[in-house]
Each structure stands twice: as structure tokens, then as C-alpha cells.
Amino acid sequence: MKIYDNIIGKTNADFVYKVLKRNILELKLLPGSEIKEQELSLIFNMSRTPIREALLLLKHEGLIKTLPQSGTFVTKIDKSKFEAGQILRVCVEVKMIQLACEYFPQEYLDKLKENIEKQRLILSTTKNAEEYHKLDIDFHKLIFKGIGFQELFKITSRELFDYLRVRNLNSPVKIKDDYTLKGHEQIYEIIKYKKPELAQEILEKHFCRLKNRLPILIEEYPNYFI
């Protein structure tokens with residue numbers, strides 16, 4: 001498990017909750033792995049009270065569950081929730097791109113271009129999967145931010161737990177070719193040249209690869225899924 005330096009909590013419980021949640025979504029805490037209060041108390045150097053409060057929040061969100069006489073575990077990835085997240089992601093981002101075609105500040109258009117160039121550089125040099133994955137996330141975040149919907153990006157990100165875990169599980173594959181990069185270039189051109197009628201087709205194509213990869217991931221990591 002990783003303790004992130006850039007996470008700030010309003011309370012000890014809030015801090016523990018945010019750290020654990022990020023570890024779960026980024027697969028530092030794997031689906032099906034056990035969560036022990038005593039170990040967390042030692043890791044965070046806190047009493048069990050804030051640990052329990054954090055775990056209750058994670059249970060409420062469905063990221064962990066307690067099995068009687070067994071323990072508390074990170075929930076496994078639900079295929080149906082992933083598919084629902086995929087549909088929601090496409091619908092929301094198509095609308096965002098259509099709005100961006102109406103008006104998108106040059107400042108953010110330049111940032112999208114810069115992001116694409118950084119992706120291209122990584123593909124041609126270091127092939128660092130973690131950095132490339134972060135640029136992928138930042139690219140989409142810039143679109144939301146450019147049209148003033150950054151809060152919507154946060155909301156959808158919070159609700160797409162199993163979609164995000166599948167995407168993170170698949171992140172090492174993205175660095176093997178330029179499929180993701182080409183998709184971002186097409187999205188950039190849609191916004192730059194104001195062609196909202198292409199948004200649906202391009203976004204469905206851009207996101208379908210992850211859906212097509214799902215059976216392969218299930219075969220590779222059968223214990224992570226239900």
C-alpha cells in the first residue's frame with residue numbers, strides 16, 4: 001500500500017479514507033485482498049476509531065465488504081458495473097466534446113496539444129506506462145475543465161469505481177502501441193475544427209478497446225472479478 005504525500009484529509013478518518021480509496025482504485029490494494037484494522041492502525045499510526053470510520057465510508061461506497069467470521073476484503077470487480085461505467089463515460093464525454101465544439105478556449109486547446117506531444121514523446125522514448133496513463137487521464141480532464149465542467153469530471157470519476165479499476169488494470173497495454181494517442185488526436189481535431197457530429201463515432205471507437213479487452217483481463221486475472 002502507498003501513502004500519498006499529496007493527499008490532505010479534513011480529519012484523520014478522511015485522510016485514511018482517501019488514501020485507502022486511491023490505493024483500491026489504483027490497484028495497490030488488489031480486488032479480494034484482506035483489510036485488517038490492526039495493520040492499518042500501525043501503518044497510519046492512529047487509533048482504530050478513525051480507521052473504522054474510514055472503512056465504514058468505503059463499505060458504503062461498495063469498495064470493501066465484511067464477511068462474517070472471515071474478515072474485511074476489497075470488493076472484486078463487477079463486470080456489469082464496468083459495463084455501466086463504460087456507457088456513462090461515453091455518453092458524458094460525447095456531450096462534453098459537443099459543448100467544446102461550441103466554445104473552447106485557445107489556452108486549453110494548446111494544453112491538449114501539449115499533452116498529445118508528451119504522449120508521443122513517451123511512446124517513442126521511455127514507454128513509461130504510469131506516466132502515459134496519467135497523461136491519458138489529464139487529456140480528458142482538460143476537456144471538462146476547458147468548458148467549465150471540472151466538477152462533473154470529479155463526480156463521474158467517483159462513481160465509476162469498477163470502470164476505473166479495469167482501466168488501471170489495462171494501463172500497461174496502452175503503452176504498446178499508439179491506439180490511445182491516435183484517439184486523442186482525433187478528439188483534438190474534432191474540437192479544433194468544430195465537428196460535433198463526429199463525437200459519438202470517435203468516442204465509441206476510442207473507448208471500445210477497453211471493453212474488448214475485458215474478456216482477456218478476466219482470463220488473466222480471474223480472481224479479481226465476479
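The C-alpha centres of domain 1 and domain 2 lie 29 Å apart. These two domains divide the protein chain, with bounds from an automatic or database domain assignment. Eight residues of domain 1 are in contact (heavy atoms within 4.5 Å) with seven residues of domain 2.

| Domain | Residues | Residues in contact with the other domain |
|---|---|---|
| domain 1 | 10–72 | eight |
| domain 2 | 77–219 | seven |

The model is predicted: local features need pLDDT of at least 70 and side-chain atom pairs pLDDT 80 or more, while totals for chains, interfaces and linings use all residues. Residues are numbered from 1 along each chain as its sequence is written, and side-chain values use heavy atoms, without hydrogens and water.

An unreviewed UniProt entry lists residues 10–77 as "domain: HTH gntR-type"; such annotations may be inferred rather than shown by experiment. This span is 53% helix and 15% strand (DSSP runs: H or I of at least four residues, E of at least two), and its end C-alpha atoms are 29 Å apart.

Helix α1 (residues 12–25) packs on helix α3 (residues 48–61) at about 45 degrees, the axes being 8 Å apart. Axes are lines fitted to C-alpha atoms over the stretch in contact, and angles between N-to-C directions run from 0 to 180 degrees. α1 is therefore oblique to α3, a class left after roughly parallel (under 35 degrees), roughly antiparallel (over 145) and roughly perpendicular (65 to 115). The crossing of α1 and α3 is right-handed (the near helix turned clockwise from the far one by less than a right angle).

In α1, N12, A13, V16, Y17, L20, K21 and I24 meet P50, I51, E53, A54, L55, L57, L58 and E61 of α3. The residues of this contact comprise eleven nonpolar, one polar and three charged. Here Ala, Val, Leu, Ile, Met, Phe, Trp, Tyr, Cys and Pro count as nonpolar, Asp, Glu, Lys and Arg as charged, and the others as polar.
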